[in-house]
Amino acid sequence: MTALTNLLAFLGLVVTLLIVWRQGWPGRLALFVAQSLLLALLAVVIGILAGKPGLLVVAAVVVLLKAWLIPRALARMGAGTPVLRPLAPGRSSAVPLLVSGGLVVVAYAVMLPVNAATTLPTEGGIPLAFAMALIGLFVCVTGRDALGHLLGFLMFENGIFGLALLATYGLPGLVEAGVFLDVLAIVLLMEGVVLRVRREHDSIDVDRLRELRG
């Protein structure tokens, strides 16, 4: 079971890197759904391993919110977005991938003392989940448009969720419920903002909006 939690955390990190690599919005959205499903499966495995049936409910909520409700809201926000947008000079996916690789190294370096101090069977996956959170924060900060920023925030939250699961051997369901409600409220609020910005300015690209601001 320990190897399984490590494998799921590793696959979550691989999917995170694929999100950084992909340029098209539909592909990135599909990968976010895959990342959320992997984390839900991770919650199921830890719930069985730790004997905490409440984590099975948490996993069901993750599937409902992050693999169905939130992706539907993101799809509405991204309606009309070109499948593949032309890349501006110096904005290929190679540089973000290199930075993400560096963040994986940073995550292992930061979490080295934590791993040395813990005896949890899930310790091997802790640096991987922390790397997912760091990469999500990186995507959030460097997003090309409002959708990129929001996707990065959700990736960051997924990483924190995975980190909490692995580092605490399962959080109380009440804590997770509060976090999930906050995330859902943010996404629904952002949906209204993004749709209004697109209706008024016909674009949600950060560079385009800066030009309009002058």
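These legends describe close-up views of a predicted model.

**View 1. A nonpolar patch lies on the surface.** Seven side chains are shown in this view: Leu4, Leu7, Phe10, Leu11, Val14, Leu18 and Trp21. Together they offer about 570 Å² of accessible area. Leu18 belongs to helix α1, which covers residues 2-21. Leu18 has a relative accessibility of 34% and counts as partly exposed. Patch residues must have over 30% relative accessible area, so the value of 34% for Leu18 meets that cut-off.

**View 2. Helix α4 has a kink at Met111.** Helix α4 runs over residues 94-117 and has 24 residues. From first C-alpha to last, α4 reaches 35 Å. That is close to the 34 Å expected at 1.5 Å a residue. The kink at Met111 is about 45°. The proline Pro113 follows shortly after Met111.

**View 3. Helix α4 packs through its buried residues.** Ser100, Leu103, Val104, Ala107, Met111 and Asn115 are buried in α4. In an α-helix, residues three or four places apart point the same way, because there are 3.6 residues a turn. The partners of the buried α4 residues are α1, α5 (126-142) and α6 (146-168). Met111 thus appears twice in these legends: Met111 is among the buried residues, and the kink in α4 lies at Met111.

**View 4. Glu157 and Lys66 form a salt bridge.** Their side chains meet at 2.2 Å, N to O. Glu157 sits in helix α6 and Lys66 in helix α3 (residues 54-78), so the bridge ties together parts that are 91 residues apart in sequence. Are the two partners buried or exposed? Glu157 is buried, with a relative accessible area of 8%. Lys66 is also buried, at 2% relative accessibility. Buried means under 20%, so Glu157 and Lys66 both qualify.

**View 5. Arg76 and Glu191 form a salt bridge.** The N to O distance between these side chains is 2.6 Å. Arg76 lies in helix α3 and Glu191 in helix α7 (residues 173-201), so the pair links parts that are 115 residues apart in sequence. Which partner is partly exposed? Arg76 is, with a relative accessible area of 42%. Glu191 counts as buried, at 10% relative accessibility. The count of salt bridges in the model comes to two. Helix α3 supplies Lys66 to the bridge with Glu157 and Arg76 to the bridge with Glu191.

Technical notes: Residues numbered from 1 in each chain as written. Predicted model: local features only at pLDDT ≥ 70, side-chain atom pairs only at ≥ 80, totals over all residues. Heavy atoms only, no water. Patch = residues over 30% accessible without salt bridge, like charges linked within 9 Å, V, L, I, M, F, W, Y side chains within 5 Å. Areas by Shrake-Rupley, 256 points an atom, 1.4 Å probe, with all protein chains shown as cover. Salt bridge = Lys/Arg side-chain N within 4 Å of Asp/Glu carboxyl O. Helix = DSSP H or I, 4+ residues; strand = E, 2+ residues; numbered from the N terminus. Buried < 20%, exposed > 50% of the residue type's maximum accessible area, 1.4 Å probe, protein only. Expected span 1.5 Å × (residues − 1). Bend = angle between axes of the 7 residues up to and from the residue. Contact = heavy atoms within 4.5 Å.
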